[in-house]
Amino acid sequence: MNNSAEDNTIVVYKRNGFDGTLEYMNSVSTGGQGSGIESVPGPGAGTIDPLASNYAVVMSDNNRALFAVNAGSNEVSSFSVKRNADLKLMSTLDSGGENPVSVATTGNVVYVMNVNEGQSSLQGFVFNRGGKLTPLPDSARDLTGRATAIRFSEDGKHLIAAEVNTQRLQVFARDGRYLSEEATTFEYPTPAEGRNVPNPFGIETFKGADGQYLVVGEARVFTQDGENDIQGGSVSTFKIAHNGELDPISLDVSNGGSLALCWVVFNEFTNRMFTANTASDTISNYYSTASGEANLTSGVAFQEDDGQSGAGLTDLFTTSKYVYQLYSAEGTVVTLAIKNDGSLVEVDRDTDLAAIGGNQGITGF
């Protein structure tokens, strides 16, 4: 998604199943406006990452519908995905708040997270077989801080929100189309001496050998006294209990020192987690055990040439053999092949996006 303030657009690529390379197909308007380089409220937002969020663009479970936020016009758009991956705009509706930045979907249910002026909120929708959205009455829910991402558990029974400024993870139970009125809250413990607060930013859910799991990417940009002093990032993993409580498995597993760990994806084919470290222009690689324990394999599984280039490594997407990295500031998508040891090797680089600093969100199938 290019997040243009004039005409928000979804850029479509064909993905080569043999070597992972991308071929530009077309661009389709959302019917709304993005924020452009204008930052929405909240810590971490800037010209490289104006939405300061994950999941600005997501696909339905069956890959037949796509949903995108329009942060500039306070709307959410939906598309029907055709056999040849052409997109047909089906609806552009009020998002139920201001500055929508993240979307989560399961079954035929969609929830949109609005940043508003700093205290985030959720609004529910349903969609039909064609992908057309309808607002869900009485589905609005309030969060307690500035959230960056929402995501359903793999079984669809819980929705998790990460609040970057309160150091909280909020878990709502789902009953049919609706979320529970109240969330189960996990508050991070006070960090060890000399360790910054975690700033949970990126989240990903996955299914393990004996349940549902969550991995959280932690930026760690503020000291315990609230001073801005960025440290190396980390991940933490949790098991999602039936009652929505998060049981910690691995807390504060360092990425080796790379800065601004804000995005994390889980590759179910390799049991590896890949994190984008925006301020260091690197990707780190963790291995997950069957019980959800995170182990750092490589702090730098990939690094952009010369490092610190300001390319804007933001959103990630992964398939069985590849990681696709969006460079928001450069308007580039880089295809990275996953090697047996979890290292990443560049195989393709597409520069079809306008380098306006506003590109946000990537998904695919």
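**Cores, salt bridges and selected residues in a predicted model**

Gly202 lies in strand 17, which spans residues 200–208. The model is a predicted one. Gly202 counts as buried, because its relative accessibility is 0% and the cut-off for burial is under 20%. Val109 is 93 residues away from Gly202 in sequence. In space, the C-alpha atoms of Gly202 and Val109 are 22 Å apart. A second buried strand residue is Val235, with a relative accessible area of 0%. Val235 sits in strand 19, residues 232–240. Its C-alpha atom is separated by 15 Å from that of Glu163. Along the chain, Val235 and Glu163 are 72 residues apart.

Nonpolar side chains tend to be buried together in soluble globular proteins. The largest nonpolar core here comprises 57 residues. Within this core, the residues with the most contacts are Ile10, Tyr111, Leu122, Leu159, Leu169 and Leu214. Another core lies apart from it and holds 23 residues. Ala219, Ala260, Phe302 and Val323 are among the residues of that core.

Side chains of opposite charge can pair when their charged atoms come close. Nine salt bridges occur in the structure. One of them joins the side chains of Glu187 and Arg168, with an N to O distance of 3.4 Å. This pair links distant parts of the chain, 19 residues apart. Glu187 belongs to strand 16 (residues 184–187), and Arg168 to strand 14 (residues 168–175). Both partners keep some accessibility: Glu187 is partly exposed at 48%, and Arg168 is partly exposed at 24%.

A salt bridge also connects Glu304 and Arg349, at 3.0 Å from N to O. Again, distant parts of the chain are linked, here 45 residues apart. Glu304 occupies the loop between strand 24 (294–303) and strand 25 (313–318). Arg349 lies in strand 28, residues 344–350. The two partners fall on opposite sides of the 20% cut-off for burial. Glu304 is buried, with a relative accessible area of 7%. Arg349, at 29% relative accessibility, counts as partly exposed.

Arg220 and Glu218 form a salt bridge through their side chains, at 3.7 Å from N to O. Arg220 and Glu218 are both buried. The two residues also belong to a network of salt bridges that links Arg195, Glu218, Arg220 and Asp252.

On the surface, Asp61, Glu154, Asp155 and Glu268 form a negative patch. One of these residues, Glu154, is found in the loop between strand 12 (147–152) and strand 13 (158–163). Glu154 has a relative accessible area of 47%, so it counts as partly exposed.

Two loop asparagines have a positive phi. Asn63 has a phi of about 65°, although it is not a glycine. Its loop runs between strand 3 (57–59) and strand 4 (65–70). Asn63 is partly exposed, with a relative accessible area of 27%. Asn116, likewise a residue other than glycine, has a positive phi near 60°. Asn116 is located in the loop between strand 8 (109–114) and strand 9 (121–127). Asn116 counts as buried, because its relative accessibility of 15% falls under the 20% cut-off.

Note on methods:
Residues numbered from 1 in each chain as written. Predicted model: local features only at pLDDT ≥ 70, side-chain atom pairs only at ≥ 80, totals over all residues. Heavy atoms only, no water. Core = buried A, V, L, I, M, F, W, Y, C linked by side-chain atoms within 4.5 Å. Buried < 20%, exposed > 50% of the residue type's maximum accessible area, 1.4 Å probe, protein only. Patch = residues over 30% accessible without salt bridge, like charges linked within 9 Å, V, L, I, M, F, W, Y side chains within 5 Å. Areas by Shrake-Rupley, 256 points an atom, 1.4 Å probe, with all protein chains shown as cover. Salt bridge = Lys/Arg side-chain N within 4 Å of Asp/Glu carboxyl O. Lys, Arg positive; Asp, Glu negative; His and termini not counted. Charge placed at Lys NZ, Arg CZ, Asp CG, Glu CD. Helix = DSSP H or I, 4+ residues; strand = E, 2+ residues; numbered from the N terminus.
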